[in-house]
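Hi everyone, thanks for coming. Have the sequence and the picture ready, and we'll walk through them together.

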Amino acid sequence: MTEASGFGARYRQVTAERGRLCAGIDPHAALLTDWGLDVSVDGLSRFADICVEALAPSAAVIKPQVAFFEPFGAAGFAVLERVIAGCREAGALVIADAKRGDIGSTMSAYARAWLADASPLCSDSVTASPYLGYESLRPALDLAREGRRGVFVLARTSNPEGADVQKALTEKTSAGERTVAQSIVDAAAAENADGTATVGLVVGATREHGLDLADLNGPILAPGLGAQGATAEDLKVVFDGADPAWVLPASSRGVLRAGPDVASLRNAFVQARDEVEYALG
Ligand SMILES: O=c1ccn([C@@H]2O[C@H](COP(=O)(O)O)[C@@H](O)[C@H]2O)c(=O)[nH]1
């Protein structure tokens with residue numbers, strides 16, 4: 001598999017056409033209420049349909065947050081399946097934000113759920129936690145590569161609590177000391193040396209991370225824009241040293257607050273996307 005045929009090529013093409021902002025679909029109970037919808041499967045379903053209609057034809061990448069569908073059980077998953085299919089049909093890449101991570105044998109079942117053609121939840125990529133060890137993600141990394149899909153691995157998350165684990169120092173190696181987060185970045189960069197950009201990272205846009213991202217050669221999902229306080233202007237500073245073509249800021253509530261009117265929601269997305277494009281250059 002080469003760059004021309006891997007996940008990276010798909011990502012580069014769609015972001016070149018539609019711009020670098022990932023739209024989050026996060027059906028918080030409070031948002032359903034603000035949109036005049038019941039906190040029920042019907043409300044969830046209507047919210048999802050509005051999001052797909054407003055965002056899927058314009059956004060390069062859409063990230064449904066799986067956690068908000070799960071409380072509705074099987075009916076919630078049925079809505080999620082519709083969201084994933086609707087976004088993909090409209091030409092957007094889908095990141096299922098499921099943050100999966102487990103021992104390898106269980107990880108292979110998660111990989112099949114989110115990355116195998118036969119699964120009704122099959123997406124273009126999934127988020128994963130490497131904190132059971134980067135190599136525990138191997139089944140997902142291999143399946144993703146085979147299918148021209150991606151895995152976005154948590155490196156330095158946008159929440160302040162992440163620092164305890166992610167900024168801790170690993171054992172000294174010949175290369176010296178590095179943070180746990182940098183060790184994840186380095187593992188992802190080594191994985192992407194084949195040019196496929198199968199491995200993306202999650203690096204919050206909310207603060208300076210101190211990571212060296214220059215050799216990643218893969219997408220950097222950067223949540224935190226809008227509701228968590230990061231602005232488009234912050235991106236240049238936070239991601240100084242990274243290739244801007246790979247930086248993919250994400251916003252959920254900041255855009256979703258403009259609903260439920262489809263045109264207003266789409267306009268809010270387009271405005272936020274244009275600010276990001278201007279800031280990243
Ligand atoms: O480090 C991380 C990783 C994931 N997220 C997710 O992104 C969205 C952010 O939502 P906003 O409404 O734009 O704050 C949400 O789904 C998080 O679970 C993150 O924020 N930080």
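Before anything else, a bit of vocabulary: when I say helix or strand, I mean a run assigned by DSSP, with at least four residues for a helix and at least two for a strand, numbered from the N terminus. And please keep in mind that this is a predicted model.

Okay, with those words in hand, let's go to the ligand. Which elements each supply at least two residues of the shell around the ligand? Strand E8 and helix H10, residues 253-256, do. In total, 18 residues surround the ligand, and the closest are Thr157, Ser158, Pro223, Ser252 and Arg253. If you sort the shell by character, you get eleven polar residues, four nonpolar and three charged.

Now for the sheet. Strands of a sheet pair through backbone hydrogen bonds, and they can do that either parallel or antiparallel. Here we have a closed barrel of eight strands, in the order E1-E2-E3-E4-E5-E6-E7-E8, with parallel pairing. On average, neighbouring strands of this sheet are turned by 30° against each other, if you ignore direction.

Let's look at a few of those pairs. E1 covers residues 22-25, and four bridges join E1 to E2, residues 61-64, in parallel. E1 also pairs with E8, residues 247-251, again in the parallel sense, over two bridges. Further round, E3, residues 93-100, and E4, residues 125-128, are parallel too, with three bridges between them. In that pair, isoleucine 95 sits opposite serine 125.

Let me pick one residue to follow: alanine 23, which lies in strand E1. Who are its partners? In E2, alanine 23 stands opposite isoleucine 62, and in E8 its bridge partner is serine 251. Here's another one to try: is alanine 23 buried or exposed? It's buried, because 28 other C-beta atoms lie within 10 Å, and the cut-off for buried is 20 or more. Along the strand, Ala23 and Ile25 point one way while Cys22 and Gly24 point the other, and all of them are buried. Alanine 23 and valine 94 are 71 residues apart in sequence, yet their C-alpha atoms are 9.7 Å apart in space.

Last stop, the helices. Two packed helices are described by the angle and the distance between their axes. For H3, residues 41-55, and H11, residues 262-280, the axes come within 8 Å and cross at roughly 55°. That angle makes H3 oblique to H11. The crossing of H3 and H11 is right-handed.

Note on methods: Residues are numbered from 1 along each chain as its sequence is written. This is a predicted model: local features need pLDDT of at least 70, side-chain atom pairs count only at pLDDT 80 or more; totals for chains, interfaces and linings use all residues. A residue is buried if 20 or more other C-beta atoms lie within 10 Å of its own, exposed if 12 or fewer, and partly exposed in between; C-beta atoms are placed from the backbone. Two strands pair if DSSP finds at least two bridges between them. A residue is near a molecule or strand if its C-beta atom, placed from the backbone, lies within 6 Å of it. Ala, Val, Leu, Ile, Met, Phe, Trp, Tyr, Cys and Pro count as nonpolar, Asp, Glu, Lys and Arg as charged, and the others, Gly among them, as polar. Axes are lines fitted to C-alpha atoms, for helices over the stretch in contact, and angles run from 0 to 180 degrees between N-to-C directions. Angles under 35 degrees count as roughly parallel, over 145 as roughly antiparallel, 65 to 115 as roughly perpendicular and the rest as oblique. A crossing is left-handed if the near helix is turned anticlockwise from the far one by less than a right angle, and right-handed if clockwise.
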